[in-house]
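Me: Hey, can you walk me through this protein? I'm new to this, so plain words please.

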Amino acid sequence: MVTALLVIGLILLFILCLFIALLCVPMRLRLTVRKATPVLRVYLFGIPFFRYPKAKKPSLGKPSAQQKKKQQDASVGKHLLPNAKILDTKDAKQTIEQIAAFLKELTAFTRQSKATLHSLQLTPPPTEDAADAALLYTALSGACAGVLEILDQNTRLLIKRADSVRIEPNYTNKEADLRLDLSLSFPPYRAVTVLAPLTELLQKI
């Protein structure tokens, strides 16, 4: 009898400790973008338990035409950014604006959470001459500033390092590149209020 009560007490103590840990350890959303392909992950206790889009399973044999079409769709970021274009086209600005629009919706229900910007780095698409490169650099810098403005307005923004934000003009026709790495942290008790609208948002796109 005493042993049974001791076991029940230990179980209740474990549940209480777990509950306290859930109140203290923040949940984390992490959005990464490479070129035009975004991935969203959710972490608890540092362990990822949600990923969108889901990781692809390795395929054996030659891919079918339908699988090739899915791979092409994924490569232009249609999972989270349905209207985003391939980055090395004239539509690079639209890709960044799509990211800004997604972040605006995302931060609407994580408002005043802690946001850590690990990197926002952009190499614009190559152009025919230096004048076009300068104009494109100006336009894309403005679009990136819009991303930062949304984060600054809706979150407690921390830029990780002095070189985390880097947008450079492309005068040497380098390959276009866009890298975004952003974390949003909030108390676990807000999980219900965050994950419910997050699921709804992902179902729309």
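Reply: Sure, and one term will help us first: a residue counts as buried under 20% relative accessible area, exposed over 50%, and partly exposed in between. Also keep in mind that this is a predicted model.

Me: OK, so is aspartate 177 buried or exposed?
Reply: Aspartate 177 is buried, because its relative accessibility is 19% and the cut-off for buried is under 20%.

Me: And which residue does aspartate 177 form a salt bridge with?
Reply: That's arginine 179, with the closest N and O atoms 3.0 Å apart. Arginine 179 itself is partly exposed, at a relative accessible area of 34%.

Me: How many salt bridges does the structure hold?
Reply: Five. One of them joins lysine 93 to glutamate 97, where the closest N and O atoms are 2.5 Å apart. Another pairs aspartate 163 with arginine 161, at 3.3 Å between the closest N and O atoms.

Me: Why would side chains like that pair up at all?
Reply: Side chains of opposite charge can pair when their charged atoms come close.

Me: Where do lysine 93 and glutamate 97 lie?
Reply: Both are in helix α3, which covers residues 92-108. They are four residues apart, about one turn of the helix. Lysine 93 is partly exposed at 34% relative accessibility, and glutamate 97 is partly exposed too, at 40%.

Me: What about aspartate 163 and arginine 161, how exposed are they?
Reply: Aspartate 163 has a relative accessible area of 43%, so it counts as partly exposed. Arginine 161 is also partly exposed, with 43%.

Me: Let's zoom out. How many helices and strands are there in the chain?
Reply: The protein chain has five helices and seven strands. Along the sequence they come in the order α-β-β-β-α-α-β-α-β-β-β-α. The chain has 205 residues, and 34% of them count as buried.

Me: Which way do β1 and β2 run when they pair?
Reply: Antiparallel, with seven bridges between them. Strand β1 is residues 27-34, and β2 is residues 37-44. Valine 33 has proline 38 of β2 as its bridge partner. The two strands make a hairpin with two residues between them, and lysine 35 there has a positive phi near 60°.

Me: And what does β2 do with β3?
Reply: β2 and β3 (residues 47-52) run antiparallel and are joined by five bridges. They form a hairpin as well, with two residues between the strands. In that turn, phenylalanine 45 has a positive phi of about 55°.

Me: Which residues stand opposite each other there?
Reply: Valine 42 faces phenylalanine 50 in β3, while tyrosine 43 is opposite proline 48 in β3.

Me: Anything else going on at tyrosine 43?
Reply: Yes, the charged end of arginine 28 sits over the tyrosine 43 ring, 4.3 Å from the ring's centre.

Me: How many aromatic pairs turn up in the whole structure?
Reply: Zero.

Me: Switching to the surface: which residues make the nonpolar patch?
Reply: Val7, Ile8, Ile11, Leu12, Phe14 and Ile15 make it, and the patch is about 590 Å². Phenylalanine 14 is in helix α1, residues 2-24. With a relative accessible area of 58%, phenylalanine 14 counts as exposed.

Me: Now the inside. Is aspartate 181 buried or exposed?
Reply: Aspartate 181 is buried, at 11% relative accessible area. You'll find aspartate 181 in strand β7, residues 177-186. Its C-alpha atom is 5.9 Å from that of leucine 31, although the two are 150 residues apart along the chain.

Me: What about the loops? Where is proline 125?
Reply: Proline 125 is in the loop between β4 (114-123) and α4 (130-154). At 6% relative accessibility, proline 125 is buried. The C-alpha atoms of proline 125 and aspartate 91 are 9.5 Å apart, with 34 residues separating them along the chain.

Me: Last one: where does threonine 155 lie?
Reply: Threonine 155 lies in the loop between α4 and β5 (156-159). With a relative accessible area of 4%, threonine 155 is buried. From its C-alpha atom to that of alanine 108 is 9.3 Å, and the two are 47 residues apart along the chain.

Key:
Residues numbered from 1 in each chain as written. Predicted model: local features only at pLDDT ≥ 70, side-chain atom pairs only at ≥ 80, totals over all residues. Heavy atoms only, no water. Pairing = 2+ DSSP bridges. Patch = residues over 30% accessible without salt bridge, like charges linked within 9 Å, V, L, I, M, F, W, Y side chains within 5 Å. Areas by Shrake-Rupley, 256 points an atom, 1.4 Å probe, with all protein chains shown as cover. Salt bridge = Lys/Arg side-chain N within 4 Å of Asp/Glu carboxyl O. Buried < 20%, exposed > 50% of the residue type's maximum accessible area, 1.4 Å probe, protein only. Phe/Tyr/Trp six-rings, centres within 6.5 Å; stacked < 30°, edge-to-face > 60°. Lys NZ or Arg CZ within 6 Å of the ring centre and 35° of its normal.
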